[in-house]
Amino acid sequence: MTNTSVTIAFLDLQPRDRKLFESFLGILEGRSHKQLRIAQPGEPVDVLIVDSDARPDPSTSDVAGARMVVFYGAGATAHGERQLALAKPVRFWELQALLAATDQGDAPLRTASDGPAHGPCRLHRLLQDVDHTRPLLIGFDQWQVVTDPARGNFYFPEWLEELTPLCQADEDRLSLRPATEAEVRAAASSLRTGPLVRLWWEAAFVGSQGTLPAGIAPDTPVFLKRWPDLGVLGYRSFYAPLCAMIARRALPPTEIAERTGMDHRDVAAFLSASAFCGYLQTAAAPAAPAAAAHPAPASAPQRGLISRIKKRLGLGLPLAN
Amino acid sequence: MSNTISLPEAFRQSAEEILARLLDNTQGAYGVVLATIDGHALLHAARTDLPADRIAAMTSSLVSLGETIAHEANQQKCRFVIVENSDGYVVTLRISSRLTLSSFAGNDTNLGMLLSATRSASEALGKAARQPSETAQ
Amino acid sequence: MSEIKLIFTGPAGAGKTTAIAAISEIPPVRTDVDATDDLLAVKEQTTAALDFGEITLDDGSKVRLYGTPGQSRFAHMWPILVQGGLGLVILLDNTRPSPVEDLAEYLDGFADFIAETGAVIGLTRADHPGGTTIDELHHYLEQRGEHHPVLTADVREEADVLMLLNVLLSLLETR
């Protein structure tokens, strides 16, 4: 059953964060045909957003009555069903996916903010069966997305700015065929333009479903041939430490997860996206990329200082190791 | 003397005379640089080798820092930035919105005389720069 | 305790002051002077010494955010400003004639500091028609035998400035 009205409450959010949520909610209300309201005291709450940095362990009474509890913080984790985690700062698409999850009734919640593994995620698999270096016309229900590899662009309807619905769609909603030059031109003039790497990245990240890319085992050392342009991808804050971890040295996925303290599924999704976009390379043995310069390792006090700076800027957890 | 940026001829002649007078009349002075506020050397006169272009840029930094520090310290109008070294002085001031003047002297100078002579030179240069069609570009 | 600092550099107009202002707790202190040269076509003022902002850590320590002058004749300030710094953000303006040449200037000018610490490169106004591409910048880095992150960034957006710093700090953490 689709909810037409969603009540939202905040617990211990910083004014700046609350303002961000409220501005996103204002936009989403117009797009989603739902009424999105801040819950009044005593009113039933559909979505309770808790600042998990300020309140890492809310009591039962704090969250009682909320249909869904969202833990929002630098190292937020969800603790059970009907709970989700959102990293700071919230991205518009994550909030969109979260609100879509309120339509799921009492089923266990998963949104893209949990990582990959949401539904069949067919686009990535479909892309692997075609030559995606040539222009493609991707049909998604009644809409079309057109890729233009020669210009490094893709063209999409405005409402699909957040790619999650496309990348998570079931196979029966998708179609894929080569696009003609005329179709590419028409799309370029009538649809929004975005960097193609963003579509490939998101499709692979979401579509990997937490599994490693073909040819890479948990103990295969991998490294980045070059840094992905995080500025044009659907940036998630944990990309930076993952990229940094394998920009100067080759490491196997198991060790990447261990050193960063990240879920192996998130690491796998990151590596799948990196591989699909051509950034990733395997190494015969754990070895540093030849071209990398290696300054002296950071000392423990310096790592501690960097962690404190990251925390101050709201940039996520320090590395586990 | 030499210049690194083209100046209107009338202004250049006046400025050269002013700079020469400062050097001649100030005991211990050995160099003077007229520059734009953003660090381009316009004219300089010196008794020794003076890297006028680099000095112009550096004194631009000095003037801007001096003015900023004054503002942060709730003081008005930075007049001089004075660098006192073991063997001499560097004195810099802003002539106008666009020009600065820096003078350099050894230990045998009298700092007060150096400041006075530099200020007089800057007033004369400011006046010459305000003459019609004689403004430095 | 020695000063904790992060340094922003890049050509005039690339957005150094804007980037610092996006995250500084104080309005950036500036040392701008009127431009008298061809910079005037781009902006009216140039930084002659430095910009700085700051943020406060949980123990009260200050992290200073320094912006260097962009024009090379003020390069005398560069080694002064980077002394003891943690790392470098290089901002490039894609509307300039040659961002690759600009990048070369800053990689050369800060080579020793970068070798000891790390650098992230942010390309601003990246969608400027006819500008350089991220690929071209990477290709240039590969020719130099260097390997730095190169990211599209709009430094008017706090999130993009935080992304640049997240990348730089992550690099420093994993050295």
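Trainee: Which elements of chain B have the lowest and the highest mean pLDDT?

Mentor: Strand β1 (residues 2–3) of chain B has the lowest, 42, and strand β2 (residues 29–36) of chain B the highest, 96. pLDDT is the predictor's confidence in each residue, from 0 to 100. Where pLDDT is low, the predicted coordinates should not be read in detail. Chain B averages 89, and 92% of the residues score at least 70.

This is a predicted model: local features need pLDDT of at least 70, side-chain atom pairs count only at 80 or more, and totals for chains, interfaces and linings use all residues. Residues are numbered from 1 along each chain as its sequence is written, while chains are lettered from A and ligands numbered from 1 in the order in which they are written.

Trainee: Which residues of helix α9 of chain A are called buried, and what does the word require?

Mentor: A buried residue has 20 or more other C-beta atoms, placed from the backbone, within 10 Å of its own. In α9 (residues 253–260), A:P253, A:I256, A:A257 and A:T260 are buried. They span an arc of only 95 degrees around the axis, so they sit on the same side of α9(A). Their cover includes α8 (239–247) and α10 (264–276) of chain A.

Trainee: How many residues does each chain bring to the contact between chains C and A?

Mentor: Chain C brings 35 and chain A 32; contact requires C-beta atoms, placed from the backbone, within 7 Å. On the side of chain C that touches chain A, α6(C) gives the most, 12 residues.

Definitions and conventions:
A residue is buried if 20 or more other C-beta atoms lie within 10 Å of its own, exposed if 12 or fewer, and partly exposed in between; C-beta atoms are placed from the backbone. Helices (H or I, at least four residues) and strands (E, at least two) are DSSP runs, numbered from the N terminus. The arc is that of the directions from the helix axis to the C-beta atoms. Two residues are in contact if their C-beta atoms, placed from the backbone, lie within 7 Å.
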